[in-house]
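Reader: I should like to go through a structure with you before I set up any calculations. Could you show it to me?

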Amino acid sequence: LEVFDTEDRLVGVGDLRVDPNDLSHAFKVADVSYNELPELSRLLPNYPNPFNPETWIPFEINYQSEVEVAIYDISGKLVRTIDLGFKYAGIYTTRDRAAYWDGKSDLGERVVSGVYFYSITAKGDESSFTAARRMVILK
């Protein structure tokens with residue numbers, strides 16, 4: 001069961017099973033856990049920072065969109081692209097929901113110690129959001 005608001009944002013999810021007894025009563029009660037919707041989209045500081053060898057990149061988006069995180073070295077060269085795919089509006093700050101980077105390049109090589117930048121791009125039907133922050137790898 002998915003619950004959407006009037007702006008077509010996912011606001012809740014739950015399991016729904018219907019058995020013959022439910023059909024005889026013509027209704028079913030279901031528990032729904034609601035998704036907190038942020039007022040603004042934002043990119044938050046990665047954690048841990050500094051890190052070695054992996055980090056999580058939390059973010060919040062206030063509309064459903066395709067989300068991508070890009071990692072750049074200090075010279076601005078693209079190191080890694082993390083395609084998160086379609087995401088509903090929501091808060092993605094916990095380890096199981098935030099973007100994850102294993103400290104490797106797109107070629108699978110471990111990156112060297114230093115300062116890196118990460119950016120997020122969220123493109124929805126009518127809105128787009130881009131932001132960038134700095135992070136440090138220490139080995």
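Author: The answers below describe this model, which is a predicted one.

Reader: Which secondary structure elements are there, and in what order do they run?
Author: The protein has 1 helix and 12 strands. Starting at the N terminus, the order is β-β-α-β-β-β-β-β-β-β-β-β-β.

Reader: What about the overall dimensions: what box do the C-alpha atoms fill?
Author: Along the principal axes, the C-alpha atoms fill a box of roughly 65 × 30 × 25 Å. The radius of gyration is 19 Å, whereas a compact globule of 139 residues would have one near 14 Å.

Reader: How much of the protein is buried, and what area is exposed?
Author: Of the 139 residues, 38% count as buried. The exposed area is about 8600 Å², and carbon and sulfur atoms supply 50% of that area.

Reader: What share of the contacts comes from residues 24 or more positions apart?
Author: Such pairs account for 55% of the contacts that have a separation of 6 or more.

Reader: Turning to the sheets, how are β1, β2 and β3 arranged?
Author: These 3 strands form an open sheet in the order β1-β2-β3, with antiparallel pairing. The edge strands are β1 and β3 (33–34), each of which pairs on one side only. Between β2 and β3 there are 2 bridges, and valine 13 stands opposite serine 33 in β3.

Reader: And which strands does β7 pair with?
Author: Strand β7 (residues 65–73) pairs with strand β8 (residues 78–87) in the antiparallel sense over 8 bridges. It also pairs with strand β11 (residues 114–123), again antiparallel and over 8 bridges.

Reader: Which residues serve as bridge partners there, for isoleucine 71 and alanine 70?
Author: Isoleucine 71 has arginine 80 in β8 as its bridge partner. For alanine 70, the bridge partner is serine 119 in β11.

Reader: What does the turn between β7 and β8 look like?
Author: The two strands form a hairpin with 4 residues between them. In that turn, glycine 76 has a positive phi of about 95°.

Reader: A change of topic, as my setup must treat omega correctly. Which peptide bonds to proline 50 and proline 53 should I note, cis or trans?
Author: The bond joining asparagine 49 and proline 50 is cis, with omega about 5°. The bond from asparagine 52 to proline 53 is also cis, and omega there is near 5°. Proline 50 lies in the loop between β4 (42–43) and β5 (55–57), and proline 53 is found in the loop between β4 and β5 as well.

Reader: Now the surface. Which residues form a nonpolar patch?
Author: Leu1, Leu16 and Val18 form one, with about 260 Å² of accessible area together.

Reader: Where do the two leucines sit?
Author: Leucine 1 is in the segment before β1 (2–4). Leucine 16 is in the loop between β2 (10–13) and α1 (20–25).

Reader: Why does leucine 16 count as partly exposed?
Author: Leucine 16 counts as partly exposed because its relative accessibility is 42%, and the partly exposed class runs between 20% and 50%. Leucine 1 is placed in the partly exposed class because its relative accessibility is 45%.

Reader: One last distance: how far apart are leucine 16 and isoleucine 82?
Author: In sequence, leucine 16 and isoleucine 82 are 66 residues apart. In space, their separation is 33 Å, C-alpha to C-alpha.

Notes
Residues numbered from 1 in each chain as written. Predicted model: local features only at pLDDT ≥ 70, side-chain atom pairs only at ≥ 80, totals over all residues. Heavy atoms only, no water. Buried < 20%, exposed > 50% of the residue type's maximum accessible area, 1.4 Å probe, protein only. Patch = residues over 30% accessible without salt bridge, like charges linked within 9 Å, V, L, I, M, F, W, Y side chains within 5 Å. Areas by Shrake-Rupley, 256 points an atom, 1.4 Å probe, with all protein chains shown as cover. Salt bridge = Lys/Arg side-chain N within 4 Å of Asp/Glu carboxyl O. Pairing = 2+ DSSP bridges. Rg over C-alpha atoms; globule rule 2.2 N^0.38 Å. Contact = heavy atoms within 4.5 Å.
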